[in-house]
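Here are my notes on this model, set out point by point. Please read them with the structure open beside you.

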Amino acid sequence: MRRRGGHFCIAPGCSNEFYRAKDEGKSVRFHSFPFKRQAVLRRWLAALKRERSSVRRGARVCSEHFVNEDYVGERVIESGALVVRRTKKLKTEAAPSVFDFSSPKVGCSTRPAQTFMNTKSHLQ
Ligand SMILES: [Zn+2]
């Protein structure tokens, strides 16, 4: 019932889906796992507390779990001034780091929420 063929985010506490985000007018990007870069992939899995075997090819992590610095900056001239604009492209070594573990319900997950004791609380 959740899947309508679009991408969805598998991060804990996140329920972003391609179509729902679109419906809500959010500009959320869905990033696929860096399966070809083992070192980076390991950091993604550690951050998401996932086993590699539990991650399907189509799994995505949405842009809400990345910070600005994770994206490739583009230097452009705007109104005569040089500005660095955030692009839609993740840096090759970027890994997700922003999660809301405080959500009582964890998406569509059926397993009980684990205790996340040492996650940094992020300010809203
Ligand atoms: Zn997400």
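1. Long-range contacts. This is a predicted model. Of the contacts in the protein with a separation of 6 or more, 59% are between residues 24 or more positions apart. Buried residues make up 19% of the 124 residues.

2. Layout. The protein has two helices and four strands. Along the sequence, the order is α-β-α-β-β-β.

3. Confidence. Mean pLDDT for the protein is 83, and 78% of the residues reach 70 or more. Helix 1 (residues 18-23) has the lowest confidence, at a mean of 89, whereas helix 2 has the highest, at 96. Please treat one stretch with care. Over residues 108-116, pLDDT stays under 50. The model has four contacts beyond four places in sequence for that stretch.

4. The core. Which residues form the largest nonpolar core? There are 12 of them: F8, C9, I10, A11, C14, F33, W44, L48, V61, C62, A95 and F99. Helix 2 (38-48) supplies at least two residues of this core, and so does strand 2 (60-62).

5. C9, a core member. C9 belongs to the largest nonpolar core. Which residues does C9 contact, leaving aside neighbours within four places in sequence? They are C14, N16, F30, R60, V61 and C62. Among these, C14, V61 and C62 are also listed in the core.

6. A59, beside the core. A59 lies in the loop between helix 2 and strand 2. Is A59 buried, exposed or partly exposed? A59 has 19 other C-beta atoms within 10 Å, and a residue needs 20 or more to be buried, so A59 counts as partly exposed. Leaving aside neighbours within four places in sequence, A59 is in contact with I10 and F33. Both I10 and F33 are listed in the largest nonpolar core. The C-alpha atoms of A59 and H31 are separated by 8.5 Å, although the two residues are 28 residues apart along the chain.

7. K49, a backbone check. K49 also sits in the loop between helix 2 and strand 2. Phi of K49 is near 55°, a positive value in a residue other than glycine. Most residues other than glycine have a negative phi. K49 is partly exposed because it has 14 other C-beta atoms within 10 Å, and exposed would require 12 or fewer.

8. The hairpin. Strand 3 (71-78) and strand 4 (81-90) are joined by a loop that holds S79. The two strands form a hairpin with two residues between them. Strand 3 and strand 4 pair in the antiparallel sense, over seven bridges. Which residue of strand 4 stands opposite E74? That residue is R85.

9. The turn. In the turn of the hairpin, S79 has a positive phi of about 50°. S79 is a residue other than glycine. Is S79 buried or exposed? S79 is exposed, because it has 5 other C-beta atoms within 10 Å and the limit for exposed is 12 or fewer.

10. Cover on strand 4. How many of the 10 residues of strand 4 are buried? The count is one, so strand 4 is hardly covered, given that a buried residue needs 20 or more other C-beta atoms within 10 Å. As a reading aid for the strands, side chains in a regular strand alternate between the two faces of the sheet.

How values were computed
Residues are numbered from 1 along each chain as its sequence is written. This is a predicted model: local features need pLDDT of at least 70, side-chain atom pairs count only at pLDDT 80 or more; totals for chains, interfaces and linings use all residues. A nonpolar core is a set of buried Ala, Val, Leu, Ile, Met, Phe, Trp, Tyr and Cys residues joined through C-beta atoms within 7 Å. Two residues are in contact if their C-beta atoms, placed from the backbone, lie within 7 Å. pLDDT is the predictor's confidence in each residue, from 0 to 100. Two strands pair if DSSP finds at least two bridges between them.
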